[in-house]
Structures are given as C-alpha cells and as structure tokens.
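Please open the structure in a viewer and keep the selection tool at hand. The tour below proceeds one selection at a time.

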Amino acid sequence: MLKCRELVGKADQYLDGELLLRERLAIRVHILMCHHCRRYLRQMGALLRAFPHRHDSASDEEVCAVMEHLQQHADKQDEPA
Ligand SMILES: [Zn+2]
C-alpha cells in the first residue's frame, strides 16, 4: 500500500489531475483508510483553490495568508459530514 510520505509527495500532481489512473486509485484507497492524509489532501485542495496560479515559491505574505486560511477551515473540516 501507498505510504503517507509517498502520498504527500504526489499530492500536488493528484490534485492537478496529472497522475496515472493506477496512482490515483492508490491514493484514493489510502485516503479511505488514513484520516491524516484525507485531511492533508482536503487542505491542499482548499489551498490550491485559494491560490490557483501560485505554483512557484510563495512570499512570506502568501505563506501567512495560507496559514490563516487553513486555520479558518481546520475546525469546520474536522466535523463529520
Ligand atoms: Zn496516510
């Protein structure tokens, strides 16, 4: 099975839809069972939606904005659907 570290390494490509079907399935199986990676991917997705065109390194201001964004959403995302 995919390890958490491998998932984190592929998260960008997964969210951008750049992975092969086999790799996407491995990630989906992993996040079905792994709460940590599920939350990680959800936060990464929110981050990409907040900053859709920022794939180069972020400035300090952008990092602060992202951290605020994650904190605002962290509580909501922990609640069951
Ligand atoms: Zn995991």
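**A guided tour, beginning at Cys-4**

Select Cys-4 to begin: with a relative accessibility of 37%, Cys-4 counts as partly exposed, because that value lies between the 20% limit for buried and the 50% limit for exposed residues. The model on display is a predicted one.

Next, add Cys-34 to the selection. Cys-34 has a relative accessible area of 11% and is buried, because burial requires a value under 20%.

**The zinc site**

Now show the zinc ion. Which atoms coordinate the zinc ion? The donors are SG of Cys-4, NE2 of His-30, SG of Cys-34 and SG of Cys-37, at 2.0 to 2.3 Å. The angles among these 4 donor atoms run from 101 to 113°, and the site is tetrahedral. Along the sequence, the donor residues follow the spacing C-x25-H-x3-C-x2-C. Within this set, Cys-4 and Cys-34 link distant parts of the chain: Cys-4 belongs to helix α1 (residues 4–15), whereas Cys-34 lies in the loop between α2 (21–33) and α3 (35–50), 30 residues apart.

Move the selection to His-30, which is located in helix α2. Is His-30 buried or exposed? His-30 counts as buried, with a relative accessibility of 2%. Apart from its neighbours within four places in sequence, His-30 contacts Met-1, Leu-2, Lys-3, Cys-4, Leu-7 and Cys-37.

**Helix α2**

Extend the selection from His-30 to the whole of α2. This helix has 13 residues, and the distance from its first C-alpha to its last is 19 Å, close to the 18 Å expected at 1.5 Å a residue. Colour Ile-27, His-30 and Ile-31, which are buried in α2. Viewed down the axis of α2, its buried residues fall within an arc of 95°, so they line one face of the helix. On the other side of α2, select Leu-21, Arg-22, Arg-28, Leu-32 and Met-33, which are exposed. The cover over the buried residues of α2 includes α1 and α3.

**Helix α1**

Proceed to α1. Its 12 residues should span 16 Å at 1.5 Å a residue, and its end C-alpha atoms are 16 Å apart, which agrees. Which residues of α1 are buried? They include Leu-7, Ala-11 and Tyr-14. Seen along the axis of α1, its buried residues lie within an arc of 90°, so they line one face of the helix. On the other side of α1, Arg-5 and Gly-9 are exposed. The buried residues of α1 pack against α2 and α3. Leu-7 of this group is also among the contacts of His-30. Just after α1, select Gly-17, which takes a positive phi of about 70°.

**The whole chain**

Finally, display the full protein chain. How many helices and strands does the protein chain contain? There are 4 helices and 0 strands, and from the N terminus on the elements run α-α-α-α. The protein chain has 81 residues, of which 25% count as buried. About 6,300 Å² of the protein chain is exposed, and carbon and sulfur atoms supply 55% of that area. Among contacts between residues at least 6 apart in sequence, 55% join residues at least 24 apart.

How values were computed: Residues numbered from 1 in each chain as written. Predicted model: local features only at pLDDT ≥ 70, side-chain atom pairs only at ≥ 80, totals over all residues. Heavy atoms only, no water. Helix = DSSP H or I, 4+ residues; strand = E, 2+ residues; numbered from the N terminus. Buried < 20%, exposed > 50% of the residue type's maximum accessible area, 1.4 Å probe, protein only. Contact = heavy atoms within 4.5 Å. Areas by Shrake-Rupley, 256 points an atom, 1.4 Å probe, with all protein chains shown as cover. Donors = N, O, S within 2.8 Å, 3.2 Å for Na, K, Ca; no water. Tetrahedral: all angles 85-135°; square planar, octahedral: opposite > 155°, others 65-115°. Expected span 1.5 Å × (residues − 1). Arc of directions from axis to C-beta.
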